[in-house]
Amino acid sequence: SSEVSSRSGSDDVSVSFEFFPPKTGAAEDRLWSAIEKLEPFAPDFVSVTYGAGGSTRERTHRTVERMARETSFTPAAHLTCVDAPRAEIDAIAQDYWDAGIRHIVALRGDPTEGIGERYQPHPDGYDYASELVAGLKNIADFEVSVSAYPELHPESSDWRAEIDNLKRKIDAGATRAITQFFFSPDIFWRFQDRVLDAGLDIPIVPGLMLQPNVKGLQRMSSLCGVAVPDWYVELFEGLDGDPLTRDMLTASLMSELTAELYDRGVRQYHLYTLNRAEIAGAVARVLGMHRRTQLVR
Ligand code: FAD
């Protein structure tokens with residue numbers, strides 16, 4: 001029906017998947033089995049997050065390079081300014097470039113002691129993401145994506161500071177902003193209006209959080225300034241022992257959010273997969289990405 005074709009199968013939809021580098025062998029196996037299931041959706045790119053501490057960083061590097069070698073994905077590497085002098089960050093970026101990785105998601109990062117602590121830039125480091133973007137562009141002509149915060153970054157004094165910061169990142173060379181996750185489309189529309197009012201014209205790609213553990217979600221959200229609406233939390237009540245229903249509910253709520261965004265013109269989506277294939281796959285299907293596979297094959 002036209003209802004179906006208007007919501008899915010569009011050639012102009014693009015999806016990206018975000019993964020985190022696994023810590024254990026078992027987690028690594030789970031990630032690679034998720035990747036196998038998600039590969040046929042032919043995402044525009046996939047990204048791998050970057051954490052605090054040397055071993056986590058090494059894992060990001062390994063995961064990104066393995067994706068580049070062994071999958072059809074175009075991987076993007078997240079990179080942060082935390083606890084490292086510029087020279088070290090520049091060397092990591094140069095290594096990525098030499099390995100054929102052309103896309104970096106450039107972030108400031110959070111304090112190693114945890115979100116909510118006061119951020120201290122490294123004395124010889126990049127102070128903010130905007131400086132990192134400029135540094136990356138000095139090294140090579142990377143495609144650079146950055147973050148954006150539809151509910152305000154917790155350290156931003158007001159909307160003016162938030163939008164000015166986004167503008168600095170764009171002026172430094174970023175060509176895509178991926179948003180922090182959110183739960184109400186209105187939050188996204190208001191943010192998009194602020195961006196347009198400021199005359200910024202790069203794609204603002206909504207980030208969709210596919211986390212079925214609503215208690216974990218609430219913990220994390222409160223630290224990063226995201227409101228999980230009461231109605232959302234209430235829907236998960238009584239499901240602590242029922243992971244299957246939690247997954248189904250998450251898939252249906254995120255599909256609903258996706259469809260609302262689609263109906264008002266959004267065509268690019270970034271899915272925080274949590275290294276799992278089922279929910280991300282369901283949402284990608286709602287967007288018609290399974291049909292794109294048939295075209296690609
Ligand atoms: P910035 O854009 O640098 O902004 C940080 C704060 O500083 C803002 O409040 C801004 O307004 C303020 N600010 C900027 N410049 C100035 C200035 N000149 N003067 C005063 N104030 C200023 N974290 C990780 O550790 N690893 C990841 O892989 C990762 N991936 C992410 C992916 C996405 C899509 C998103 C949305 C977030 C991700 N994060 C990641 C979290 C991110 O690191 C944190 O949200 C962090 O607190 C801010 O990083 P940023 O790049 O947004 O910082």
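**Strand β5, its neighbours and the ligand shell**

I'll start with one pair of residues: Val105 stands opposite Ser145 in strand β5. Before going on, note that this is a predicted model.

Val105 and Ser145 belong to a parallel pairing, in which three bridges join β4, residues 103-106, to β5. Between those two strands the chain passes through helix α5, and the β-α-β crossover from β4 to β5 is right-handed.

On to the next pairing. β5 also pairs with β6, again in the parallel sense, and here there are four bridges. Within that pairing, Ala148 stands opposite Thr179 in β6. The connection from β5 to β6 goes through helix α6, and this β-α-β crossover is right-handed as well.

How many of the six residues of β5 are buried? Five are, so the strand, residues 143-148, is largely enclosed by the rest of the structure. For a residue to count as buried, 20 or more other C-beta atoms must lie within 10 Å of its own.

Now the ligand. It is surrounded by 24 residues, and the closest are Thr49, His78, Arg108, Ala129 and Ser147. Three elements give two or more residues to this shell: α5, residues 129-139; α6, residues 159-171; and β6, residues 176-181. Which element gives the largest share? That is α6, with three residues. So much for where the shell comes from; its composition is next. By class, the shell has 12 polar residues, eight nonpolar and four charged.

To recap, β5 pairs with β4 and with β6, and helices α5 and α6, which lie on the two crossovers, both contribute to the ligand shell.

Conventions:
Residues numbered from 1 in each chain as written. Predicted model: local features only at pLDDT ≥ 70, side-chain atom pairs only at ≥ 80, totals over all residues. Near = placed C-beta within 6 Å. Nonpolar A, V, L, I, M, F, W, Y, C, P; charged D, E, K, R; others polar. Buried ≥ 20, exposed ≤ 12 C-beta atoms within 10 Å, placed from the backbone. Pairing = 2+ DSSP bridges. Right-handed = clockwise from strand over helix to strand, strands pointing away.
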